[in-house]
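Hi,

Here is the structure I promised to pass on. Have a look at it first, and then read on for what I found.

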Amino acid sequence: MKFKNTMLVVKDLKQSEAFYKEVLGLRTLVDLEIHAVLSGGLALQTEESWKQFTRAEVVYEANAMELYFEEDQFDAFAAKLEALTSVRIITRVEPQSWGQRIVRFCDPDGHIIEVGEAMQAVCRRFANQGMTIEAIAERMNVPVKAVKAYLRG
């Protein structure tokens, strides 16, 4: 058994492909008109074909899951996102208790997307502030071994 992709049902395949390309920098690897596979392990399926295949109704904005991405250049990404007036932001940049900064927003169909500062970048930020590896581990509530691995890259 091998996990292949996460697939989202979308109302407008082309609009969703454009969104994921513009906002997250994903590329279309396969486009079959009713189904598209994007880089990063994301697939999109048209609502009409999904209903035909599954005989199930689609419930958008169910808010029972999110797509999670990490970004090394988090500040640049957050600024880009703020400039995109067409994107519905749920949570503006918000620091988490472990020090990572995140932002949450929706795709055109209301699927929730979270982009977090890459954990490696969080560790580097703390190290650049003069924190020791042990202090970073305590601040982030992770083992010292994890911090060392993040800092090695």
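To start with a small puzzle: in which loop does Q96 lie? It belongs to the loop between β6 and β7. Before the rest, a word on the basis: this is a predicted model, in which local features need pLDDT of at least 70 and side-chain atom pairs count only at pLDDT 80 or more, while totals for chains, interfaces and linings use all residues. Residues are numbered from 1 along each chain as its sequence is written, and side-chain values use heavy atoms, with hydrogens and water left out. Helices (H or I, at least four residues) and strands (E, at least two) are DSSP runs, numbered from the N terminus.

Back to Q96: this residue is buried, at a relative accessible area of 16% (buried means under 20%, exposed over 50%, partly exposed in between, with a 1.4 Å probe and protein chains only). Setting aside neighbours within four places in sequence, Q96 contacts I102 and R139 (contact means heavy atoms within 4.5 Å).

Now the sheets. One is an open sheet of four strands in the order β1-β4-β3-β2, with mixed pairing (two strands pair if DSSP finds at least two bridges between them). Its edges are β1 (6–10) and β2 (28–31); each has a single partner strand, so one side of each lacks a neighbour in the sheet. From one strand to the next, the twist averages 20° (angles run from 0 to 180 degrees between N-to-C directions, and axes are lines fitted to C-alpha atoms, for helices over the stretch in contact). β2 and β3 (residues 35–38) run antiparallel and are joined by three bridges, with T28 opposite L38 of β3. Two helices lie across this sheet's strands: α1 (residues 13–24) covers β1, β2, β3 and β4 (42–46) at about 160° to β4, and α2 (residues 47–54) lies across β1 and β4 at about 85° to β4.

The other open sheet also has four strands, ordered β5-β8-β7-β6 with mixed pairing. Here β5 (66–71) and β6 (88–95) are at the edges, each with a single partner strand, so one side of each is left free of a neighbour in the sheet. The twist averages 15° from strand to strand. Antiparallel β7 (residues 101–106) and β8 (residues 112–117) are linked by five bridges, and C106 has I112 of β8 as its bridge partner.

Helix α4 is worth a closer look. It lies across β5, β7 and β8, at about 35° to β8. The axes of α4 (residues 119–128) and α5 (residues 133–140) come within 10 Å and cross at roughly 125°, which means that α4 is oblique to α5 (under 35 degrees is roughly parallel, over 145 roughly antiparallel, 65 to 115 roughly perpendicular, and the rest oblique). M119, V122, C123, F126 and A127 of α4 meet I136, R139 and M140 of α5. With α6 (residues 144–152), the α4 axis comes within 8 Å and crosses at roughly 95°, so α4 and α6 are roughly perpendicular. That contact involves M119, Q120, C123, R124 and A127 of α4 and V147, Y150, L151 and R152 of α6.

Finally, D72 sits in the loop between β5 and α3 (74–83) and is partly exposed, with a relative accessible area of 44%. Not counting residues up to four places away in sequence, D72 touches A118, A121 and R124.

Best wishes
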